[in-house]
Amino acid sequence: MFQQEEYDVIVVGAGHAGCEAAAAAANLGSKVLLVTMNMNTIAQMSCNPAMGGVAKGQIVREVDALGGQSGIITDKTMIQFRMLNRSKGPAMWSPRAQSDRMRFAEEWRTTLEQTLNVDFWQESVTGIVVENDTVVGVKTQLGIEFRGKSVVLTNGTFLNGLIHIGEKNFGGGRAAEKKSTGITEQLLELGFETGRMKTGTPPRVDGRSLDYSKMEEQGGDEVPSKFSYLDTPRLVKQRPCYITYTNAEVHEILKEGFEKSPMFQGRIKGLGPRYCPSVEDKINRFADKDRHQIFVEPEGSSTVEMYINGFSSSLPEDVQYRALRKIAGFENAKMFRPGYAIEYDFFPPTQLSLTLETKRVKNLYFAGQINGTTGYEEAACQGLMAGINAHNKVHGREPFILKRSEAYIGVLIDDLVNKGTDEPYRMFTSRAEHRILLRQDNADLRLTPLGHALGLASDERLFRVEQKQRETTEVVELLKNFAIEPSEINALLEELGSATLHERTRAINLLRRPNLELEHLTRTLPNLTLALAPYQPDSLEQAVIAIKYESYIEKENQQAARVAELENFVIQGRLDYQQMPALSHEAREKLLKVQPETIGQAARISGVSPADISVLMVYLGR
Ligand code: FAD
């Protein structure tokens with residue numbers, strides 16, 4: 001036995017999923033081994049140096065609220081912050097940070113090194129050890145066997161990774177890193193299904209060679225916010241990004257490379273993310289568009305390396321280079337690294353239960369890109385959930401599952417497990433039917449009590465949540481009672497083009513008007529400013545959202561409660577679908593495959609109709 005008798009949780013891979021999994025399990029008290037190919041690339045951002053964005057920002061806030069680390073690390077290492085969609089309703093507000101790629105990775109490594117209970121081993125895992133349908137450890141390239149009560153696989157894009165640049169292709173898990181072999185082959189033998197996906201990345205260039213005067217500058221928010229609900233540092237000095245565009249000349253050069261394109265020539269078999277196309281795909285599919293937007297993003301606070309967002313490509317490197325130089329501001333651009341595409345193995349996630357444990361091998365969990373997702377945030381939240389559930393399982397505790405009405409994380413896992421995915425899955429706000437409830441401003445209220453009950457979110461987090469809840473109630477009450485005379489407010493209302501008052505009203509009534517914000521009232525009413533002075537900005541914001549969106553939130557809560565009733569009908573192990581002739585053929589097949597745990601989950605499986613659900617309810621005696 002090497003180093004340690006037996007670990008509680010062995011995590012394979014230290015990407016975004018693996019880091020969260022290891023930290024969560026260890027912070028809950030498990031003895032954890034983190035095995036990763038290269039300790040210098042822990043939490044490497046393989047593609048864009050940014051965290052958050054639409055729907056993804058909400059996920060990072062949720063990870064933080066539960067007691068995960070990604071939000072804290074992003075706050076400590078970001079170089080620009082923007083709250084996207086501010087002009088829309090609060091359900092759409094999405095925090096996004098430009099990260100310092102090197103510092104992000106360094107901070108994650110430091111965090112893990114300072115986490116009690118995490119051991120490290122740098123090597124490639126070539127297989128798992130299975131006894132009696134249960135995983136009991138992993139094997140490495142050196143032939144070492146580590147024993148563990150559970151294993152979390154988070155291999156990212158590395159499984160049989162194949163990198164393409166023009167007509168050249170070579171094995172690799174990421175630029176300049178080896179691919180991983182052995183695991184897919186063994187899992188296939190064990191009866192798992194596998195598939196192939198692809199993703200791509202743009203070239204990186206030398207920022208000293210660019211002419212920014214020909215581009216539009218895009219700064220961060222004037223008052224930058226942050227991700228963590230804890231007291232993490234606020235960003236002081238921000239670095240700008242820049243916007244420029246492709247043009248007809250760029251497109252012509254790129255087209256010259258089409259005959260050597262691994263994608264157009266059919267050498268790439270895996271399906272890529274539709275919503276994140278390569279530049280050659282864009283000019284091919286949208287031939288009528290004469291330009292495409294390019295974001296030029298710094299890779300860190302002190303590096304000259306720039307990420308060319310929107311120019312992802314697997315065309316030959318010389319074609320990429322020549323085309324780049326025709327973009328305004330790029331006339332003298334020097335390239336650091338070419339863009340490339342990568343194909344890799346994934347495992348259709350319908351083979352998992354909602355805890356992310358595989359149905360075929362007990363105590364084996366999958367998290368991250370291995371499940372067919374794409375994105376650091378999607379990976380991080382799965383890692384967190386797999387780490388929690390692996391810990392809970394080996395300590396005889398209840399599974400931890402989030403509902404679709406509780407978190408984007410719940411939506412993501414429910415979608416993966418019930419619907420599967422043929423193309424890299426990324427989160428969108430449109431995937432969440434209860435998105436009015438799942439906002440970035442209230443992830444702490446929704447999830448910190450759950451994280452605290454698990455033992456992962458600290459007492460301090462819970463204290464802050466309780467304070468925010470208490471203050472929000474008090475502020476709503478205060479605004480309900482705060483009387484305003486027409487003479488105090490009519491000038492402001494006129495200025496805002498809002499109907500003037502003829503009689504005294506309460507602050508809450510004015511706040512219900514769409515174009516009136518709390519800042520408008522406090523600007524004009526010194527007494528109100530004074531009354532609200534003791535409250536924190538987060539509580540004020542929460543109170544205003546509760547007032548402005550009261551009817552929507554109430555309706556959504558009722559809807560969620562109706563759905564929750566279905567979730568309470570537990571069916572796992574109670575029904576024999578083979579003996580139910582009234583079920584449609586497709587429903588029977590899907591139910592046998594997915595083995596849903598509740599009626600609610602069964603109802604969300606594509607191919608299971610309301611009529612099939614009625615049949616199940618009859619068998620359950622309802
Ligand atoms: P990874 O971050 O890939 O981490 C996997 C880890 O596992 C690594 O540390 C690796 O060393 C380790 N590992 C693998 N196999 C073994 C083994 N056998 N033994 C030990 N250690 C092992 N996402 C987007 O959202 N948008 C994009 O545009 C985008 N483009 C991308 C382009 C490229 C070229 C790549 C490579 C990825 C891209 N991604 C993109 C995906 C994003 O990088 C991933 O979604 C995210 O990093 C997945 O996190 P993960 O933890 O699952 O895996």
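Into which domains is the chain divided? Colour domain 1 (7–200 + 344–454), domain 2 (204–341), domain 3 (461–555) and domain 4 (569–620) separately; the bounds come from an automatic or database domain assignment. The C-alpha centres of domain 2 and domain 4 lie 47 Å apart.

The model is predicted: local features need pLDDT of at least 70 and side-chain atom pairs count only at pLDDT 80 or more, whereas totals for chains, interfaces and linings use all residues. Residues are numbered from 1 along each chain as its sequence is written.

**The ligand**

Select the ligand next, together with the 38 residues that surround it; a residue is near a molecule if its C-beta atom, placed from the backbone, lies within 6 Å of it. The closest are Gly-13, Gly-15, Cys-47, Gly-156 and Gly-368. Two or more residues of this shell are given by each of helix 1 (16–28), strand 2 (32–36), strand 12 (195–201) and helix 9 (376–394). Here helices (H or I, at least four residues) and strands (E, at least two) are DSSP runs, numbered from the N terminus. The shell comprises 13 nonpolar, 23 polar and 2 charged residues, where Ala, Val, Leu, Ile, Met, Phe, Trp, Tyr, Cys and Pro count as nonpolar, Asp, Glu, Lys and Arg as charged, and the others, Gly among them, as polar.

**Helix 1 and helix 4**

Keep helix 1 selected and add helix 4; they pack at an angle of about 25 degrees, with their axes 10 Å apart. Axes are lines fitted to C-alpha atoms, for helices over the stretch in contact, and angles run from 0 to 180 degrees between N-to-C directions. The two helices are therefore roughly parallel to each other (angles under 35 degrees count as roughly parallel, over 145 as roughly antiparallel, 65 to 115 as roughly perpendicular and the rest as oblique). Cys-19, Ala-22 and Ala-23 of helix 1 meet Trp-108, Thr-111 and Leu-112 of helix 4, with contact defined as C-beta atoms, placed from the backbone, within 7 Å. This contact has 5 nonpolar residues, 1 polar and no charged.

**Helix 3 and helix 4**

Now show helix 3 (residues 70–77) against helix 4 (residues 101–113): the angle is about 130 degrees and the axes are 9 Å apart. Helix 3 and helix 4 are therefore oblique to each other. Ile-73, Lys-76 and Thr-77 of helix 3 make the contact with Arg-103, Phe-104, Glu-107, Trp-108 and Thr-111 of helix 4. These residues divide into 3 nonpolar, 2 polar and 3 charged.

**Helix 6 and helix 8**

Finally, select helix 6 (residues 248–256) and helix 8 (residues 317–324), whose axes come within 8 Å and cross at roughly 170 degrees. That makes helix 6 roughly antiparallel to helix 8. Val-250, Ile-253, Leu-254 and Glu-256 of helix 6 form the contact with Val-319, Arg-322 and Ala-323 of helix 8.

Conventions:
Two residues are in contact if their C-beta atoms, placed from the backbone, lie within 7 Å.
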